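Work through the exercises below on charged side chains. Each task is followed by a solution in steps.

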Amino acid sequence: MSLVYRFKANQPNFTHVLQDFVGEVLPFAKRVNNPLLVAPMVLLKSIEWSIYRWHKTPIRRFYGIKSNELLYMITNACNDRCPKCGIWERPEPKSQHLMIGHFINCLKRLHHNLYQVTLTGGEPLLFKRDIVLIAEEARKLGVPMVTVTNARLLDEAFLTRYKELGHVLVISIDSVERSKWNEFRGTPSFDIVMPKILLAKKMLGDQLRIQSVLSKESEQEIPKVAEWCRQQGLQHNVQLYQDFGAYNWSNAITQKEMVDDGTPCAARKNICIYPNGDVVKCFDHRRIPLAKEPLGNIAKQDIIEILCTKRSTEVSKIMKTCNFPCKHMSCNKPQALLFR
């Protein structure tokens, strides 16, 4: 596949050009830590943006820039029954589960352009061997990796290897009180999981993070989780509740407040893979008519070819101005910005 740029002047209106520029440069400027470097770095980024704007390839967002996140929902299956989540109710048939080699090939093809690969579910550790294989490959390729888990299947052997590979483990906790924990998990797992979290803290140290979901049901519990994390010396993040088909929890913050906060959606730069290998730009893609159907499948096509299709480019353009509540999902933000 040719990556040679073709010269073609765009002809959008001024507003579209301005939105494109601000959407590219503003998030970049926020990542510059040294205030003295902001102006020169923004100038260089503006020059780069101008080149890509006028001499562009369909994969300009993926070529030569470490600004994309690869997210793999490795399974829908889960060993918890959380009322906030409906994903576990729709486990994929074994015959439709992606062979791990396809995802590793995808990772190899994209690694120059990734700032992070994130594994989620369902419960990812139901496929613990595959998690380790991906973690090992990500380490070889120099891509930071994050695994989000409920911690039920953690064990010393896995934690030892994960520690060696240097990746981040995020454990979901919405309460630290036994009765509420068991209610929120839909299973009596408090006494099983809490010792494993403490083991993970001991073995992983700074590689362990805790994440909570804020809803009306959990809003009284989240401060207790935050205080527990402070006492344990663990980094903690809170993300706003988003419904995944369960319809059992409700938002603590109105949708209007979520969409009117002025933050842009970064999901257009995501590359999301479903358990069967389908590729989408965002796991909430069904909100966008053009994006309802997957862009392709990595078991059947090369990931670069999928991302270079006209529809993939058009979906990314549409998503520049997305203002749905799902823009607050942690999958749209690097770990460095989530946990401080």
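A salt bridge here is a side-chain nitrogen of Lys or Arg within 4 Å of a carboxyl oxygen of Asp or Glu. The model is predicted. Over the whole structure, the search finds 13 salt bridges.

**Exercise 1.** Establish how Lys128 and Asp155 are paired, and which parts the pair ties together.

Step 1. The closest N and O atoms of Lys128 and Asp155 are 2.5 Å apart, and the two residues form a salt bridge.
Step 2. Lys128 belongs to helix H4 (residues 128–141), while Asp155 sits in the loop between strand S5 (145–149) and helix H5 (156–165), so the salt bridge ties together parts 27 residues apart in sequence.
Step 3. Lys128 has a relative accessible area of 22% and is partly exposed; Asp155, at 29%, is also partly exposed.

**Exercise 2.** Classify Arg129 and Asp130 as buried or exposed.

Step 1. The side chains of Arg129 and Asp130 form a salt bridge, at 3.7 Å from N to O.
Step 2. Buried means under 20% relative accessible area, and exposed means over 50%.
Step 3. Arg129 has 62% relative accessibility, so Arg129 is exposed.
Step 4. Asp130 has a relative accessible area of 12%, so Asp130 is buried.

**Exercise 3.** Determine which helices are tied together by Arg161 and Glu136.

Step 1. Arg161 and Glu136 form a salt bridge, with 3.2 Å between the closest N and O atoms.
Step 2. Arg161 is in helix H5 and Glu136 in helix H4, so this pair ties together parts 25 residues apart in sequence.
Step 3. Arg161 is partly exposed at 30% relative accessible area, and Glu136 is partly exposed at 23%.

**Exercise 4.** Name the residues linked with Asp80 in a network of salt bridges.

Step 1. The network links Asp80 with Arg152 and Arg185.

Conventions
Residues numbered from 1 in each chain as written. Predicted model: local features only at pLDDT ≥ 70, side-chain atom pairs only at ≥ 80, totals over all residues. Heavy atoms only, no water. Helix = DSSP H or I, 4+ residues; strand = E, 2+ residues; numbered from the N terminus. Buried < 20%, exposed > 50% of the residue type's maximum accessible area, 1.4 Å probe, protein only.
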